[in-house]
Structures are given as structure tokens and as C-alpha cells.
Amino acid sequence: MSSLRKGIEKVEVGLKWDPSPVGSPPDDLDLVAATYTREDPRGTPAYVVHFDSRSPDGTIVLNRDSRNGQGFGFDEVMTLELDRLNAQYTRVVVGVALQQNEQPSGRPKTFWNVASTAVRIREGYTALSEHDFSAVAAHSAATVAEFTRDADGAWTFQEVIRGFDGDLNAFTSAMGAL
């Protein structure tokens, strides 16, 4: 028996930030999506989508990638076609990580060090979430959203803002447990 409830079908995640000051190295933030199976919903991701990649089936795509925050509007945009994801995938976690994790002072770079950061998650023209990273300003990476598939196959959204400190590889390995 099929359900009349469709849930969330297609989502766009947009990330923006201002370019770094003149004479400073560019700030490079990255959108990251980790997909989890029914057998391991909080463990190791089945696959990760980030810069220069897409999901094997083309359902999660990084449409726009910025390495410096220059541009109009949202600098990075990722599309998630949840309604097309294979039934074995039951959870997708989306996060943001600072690519270069060290300042000239030698201390780790955090969201606090990047001007005008913002993330927007929307389905069509409906905003599901908008966030400025102020709650995780002292961190170098953060999860921003969790999408889960229920028993009927419908996807739901939950805003999940959790900070993380570490490089991109450590972050993507830990996203499912955050």
C-alpha cells in the first residue's frame, strides 16, 4: 500500500560567505553531504559528496563550488533529489567545513574568522532553514541538516547545527555520529 504523504522530495542547500580581506589567503568553505544506509545509519557513510564530486547515481550534486567566496548570492549550491535516492539509503547529513584549517598565527581557523557566513536550505521556494553559524562560530566544521526516510519512504528534515573541529576527512568520518 502506498502513502499519500510524499515528504520532502528535492532540496537545495546554499552556502555563502564574504571574500577574505585583501592580502589575506582566501577562505574556502565546502558543502558536504554524507549518505547512510539502513544497515548503518550512524556509522560510516556509504558515500560522501563534496567539491569535485557527486553521488554515484546523480541524486546529490554540487552545482556551484567557490574557493574564495566571491560572487553574488550563494557561493556554493548543492541539490539533493531525495525522492530519487535508492531505498537502501535512509539518512543524509549535510555539513559545512573550512577547507584551509589554519591561520597565519598557527591557530585553527573557525567560522568566527570568516565574514558573513550563511547557509540556506529550501525545498522549492520554501525555506526550511537559514543559519549564520553563530552557534558554532568557534568550530571549523558543522553539520547543518539531517534528512531521514521513514517506514513509508517519505523524507523528513531536521535542522541539526553541531560544531566539529578537525580536517575534512575527520569531519566526513564523524558526521553520522554528530
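Q: What makes the sheet with the order β3-β2-β6-β9-β10 an open one, and which strands stand at its edges?
A: In this predicted model, 5 strands pair in the antiparallel sense in that order. Strands are DSSP runs of E with at least two residues, numbered from the N terminus, and two of them pair if DSSP finds at least two bridges between them. β3 (47–49) and β10 (155–164) each have a single partner strand, so one side of each is left without a neighbour in the sheet. Neighbouring strands are turned by 20 degrees against each other on average, direction ignored, with axes taken as lines fitted to C-alpha atoms.

Q: How do you know that β2 and β6 pair?
A: Strand β2 (residues 29–37) and β6 are joined by 9 bridges in the antiparallel sense, where at least two are required. Asp30, for example, has Ala97 of β6 as its bridge partner.

Q: Why is Phe133 called buried?
A: Buried means under 20% relative accessible area, exposed over 50%, and partly exposed in between (1.4 Å probe, protein chains only). The relative accessible area of Phe133 is 1%, and therefore this residue counts as buried. Phe133 lies in the loop between β8 (126–131) and β9 (141–149), and its phi is positive, about 70 degrees.

Q: Why does Ser116 count as partly exposed?
A: Ser116 has 46% relative accessibility and is therefore partly exposed. Ser116 is found in the loop between β6 (89–98) and β7 (118–123).

Q: What is notable about the phi of Ser116?
A: The value is near 55 degrees, positive in a residue other than glycine. Most residues other than glycine have a negative phi.

Residues are numbered from 1 along each chain as its sequence is written. Local features need pLDDT of at least 70 in this predicted model.

Key:
This is a predicted model: local features need pLDDT of at least 70, side-chain atom pairs count only at pLDDT 80 or more; totals for chains, interfaces and linings use all residues. Side-chain values use heavy atoms; hydrogens and water are left out. Helices (H or I, at least four residues) and strands (E, at least two) are DSSP runs, numbered from the N terminus. Axes are lines fitted to C-alpha atoms, for helices over the stretch in contact, and angles run from 0 to 180 degrees between N-to-C directions.
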